Each structure stands twice: as structure tokens, then as C-alpha cells.
Amino acid sequence: MNPLKSGTLDLALLAALQDQPRYGLDILRHVNDRSGGLFDLREGSLYPALHRLVKAGWVDSDWQPSDRGGAPRKVYRLTDDGRAALTTKRQEWQTLRGALDALLLRALPRRSA
């Protein structure tokens, strides 16, 4: 399992839901805006990932009326298990980041004075 690929999207989605429930396109905008566009998350990746998180019991969803009077929207929110998963994934990310930082810092060429 590649920790750089698997779990990164899940971590981003769980983090996007940590402060408030959001509907799909709001999650997409939030992740893309907060990452400075680096994620470039698209609907084709978003909804299967949300479905996987619902199936895992980390996210719950329900239909709510649109605040703009349009069609109802499916709103996603973290469950208690999702908050625990976010904490675990955040710790895993810190560990991975620390290991990569250690490797990268050691790999930098020394500059001569």
C-alpha cells in the first residue's frame, strides 16, 4: 500500500468536513481552494471517495433543501468514527511527513562557503 496515494484523498475529505457539514460541490471547492489548486479534485474522484467514506462509517449523509431554493442537496458530515479516523490519519501523515523531511534534508547537497 502506497501511503502517498492511498489515504491522501480520504484525509483531505475528512479534513474538509471537520468544521462543518458540506454538500459535494462545496467539498470540492473547499479542498481545491485550501490546497491552492494542487489537488485539482474533480467530481469523478470526489463522489466515489465520499461513497467509500460513507460505507466505512466515517461520513454520514442526508438530503437537505438547498439554501438557494433549488433541488435538495446531499450533505455530508463526519461521524464519531470519522473524527477518530481523521485523528489517526493526521498522525500517520505527520509521521510520513517527518520521515520524508528527514530524507530530503539529508539529501540536500552541502553548499561550500
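## Inside helix H2

Here "buried" means under 20% relative accessible area. In this predicted model, that label goes to a good part of helix H2: Gly24, Asp26, Ile27, Leu28, His30, Val31 and Asn32 are buried.

What do those buried residues pack against? Their partners are H1, strand E1 (22-23), helix H3 (43-56) and strand E3 (73-78). Just past the end of H2, Gly36 has a positive phi of about 65°.

## How H1 and H2 cross

Two packed helices are described by the angle between their axes and the distance between the axes. For H1 (residues 8-16) and H2 (residues 24-34), the angle is about 110° and the axes sit 10 Å apart. Angles of 65 to 115 degrees count as roughly perpendicular, and H1 and H2 are therefore roughly perpendicular to each other.

Which residues make the contact? On the H1 side there are Ala12, Leu13 and Ala16, and they meet Ile27, His30 and Val31 of H2. Sorted by class, this H1 and H2 contact has five nonpolar residues, one polar and no charged ones. Ile27, His30 and Val31 also turn up among the buried residues of H2.

## The largest pocket

Now for the empty space. The largest pocket has a volume of about 430 Å³. It is lined by 17 residues, and the closest to its centre are Leu11, Ala12, Ala15, Ala16 and Phe39. H1, H2 and helix H4 (80-107) are the elements that give two or more residues to the lining.

As for the chemistry of that lining, it has eight nonpolar, five polar and four charged residues. Ala12 and Ala16, close to the pocket centre, are also among the H1 residues that meet H2.

Conventions. Residues numbered from 1 in each chain as written. Predicted model: local features only at pLDDT ≥ 70, side-chain atom pairs only at ≥ 80, totals over all residues. Heavy atoms only, no water. Axes fitted to C-alpha atoms, helices over the stretch in contact; angles between N-to-C directions. Helix = DSSP H or I, 4+ residues; strand = E, 2+ residues; numbered from the N terminus. Parallel < 35°, antiparallel > 145°, perpendicular 65-115°, else oblique. Contact = heavy atoms within 4.5 Å. Nonpolar A, V, L, I, M, F, W, Y, C, P; charged D, E, K, R; others polar. Buried < 20%, exposed > 50% of the residue type's maximum accessible area, 1.4 Å probe, protein only. 1 Å grid on protein atoms, 1.4 Å probe; cavity = no way out; pocket = protein on both sides within 12 Å on 5 of 7 lines; lining within 4 Å. Points joined across faces, edges and corners; volume = space filled by probe spheres on them.
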